[in-house]
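Let's walk through this structure together, from its strands to a few individual side chains. Keep the model in view as you read.

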Amino acid sequence: MDHTIKVQLADKTGHTQMLLSPAETVETIQQNSGNWIYADNQLIQADQVNEDNLSTVSSVRILPGLVGGC
């Protein structure tokens with residue numbers, strides 16, 4: 001069976017959950033590169049992700065970046 005990754009994509013309207021191949025996951029991450037990306041709960045850099053990095057990952061969360069301030 002092909003490896004699939006549970007991808008959660010959150011935005012201001014809620015979130016979407018998908019099962020994607022590693023290649024589809026890389027594409028989704030690149031389309032949302034301004035967001036925070038977590039692979040198996042580890043923060044990763046969108047520009048450093050490729051299919052090989054994701055070969056053992058079971059879940060990816062793509063979240064809007066948080067901005068702190070007063």
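Two strands are taken as a pair if DSSP finds at least two bridges between them. Please keep in mind that what you see is a predicted model.

With that in hand, start at strand β1 (residues 5-11) and strand β2 (residues 14-20): they run antiparallel and are joined by seven bridges. To see the register, look for isoleucine 5, which faces leucine 20 in β2. Where the chain passes from β1 to β2, two residues lie between the strands, and the two strands form a hairpin.

Next comes helix α1 (residues 22-31), where you will find alanine 23. Is alanine 23 buried, exposed or partly exposed? Its relative accessibility is 35%, so alanine 23 counts as partly exposed, because that class covers values between 20% and 50%. Now look across to aspartate 52: this residue is 29 residues away from alanine 23 along the chain, and their C-alpha atoms are 9.4 Å apart.

Follow the chain into the loop between α1 and β3 (36-39), and you meet asparagine 32. What does the side chain of asparagine 32 reach? The partner is the backbone oxygen of threonine 28, at 2.8 Å. Setting aside neighbours within four places in sequence, asparagine 32 also has contacts with Leu9, Ile37 and Ile62.

Finally, a look at the rings. There are zero aromatic pairs in the structure. Tyrosine 38 does have arginine 61 over its face, though, with 5.1 Å to the ring centre.

Technical notes. Residues are numbered from 1 along each chain as its sequence is written. This is a predicted model: local features need pLDDT of at least 70, side-chain atom pairs count only at pLDDT 80 or more; totals for chains, interfaces and linings use all residues. Side-chain values use heavy atoms; hydrogens and water are left out. Helices (H or I, at least four residues) and strands (E, at least two) are DSSP runs, numbered from the N terminus. Buried means under 20% relative accessible area, exposed over 50%, partly exposed in between (1.4 Å probe, protein chains only). A polar contact is a pair of N or O atoms within 3.5 Å; within protein, one must be able to donate a hydrogen and the other to accept it, and residues adjacent in sequence count only if both atoms are side-chain atoms. Contact means heavy atoms within 4.5 Å. Rings of Phe, Tyr and Trp (its six-membered ring) pair if their centres lie within 6.5 Å; planes under 30 degrees apart count as stacked, over 60 as edge-to-face and the rest as tilted. A charge sits over a ring if NZ of Lys or CZ of Arg is within 6 Å of the ring centre and within 35 degrees of the ring normal.
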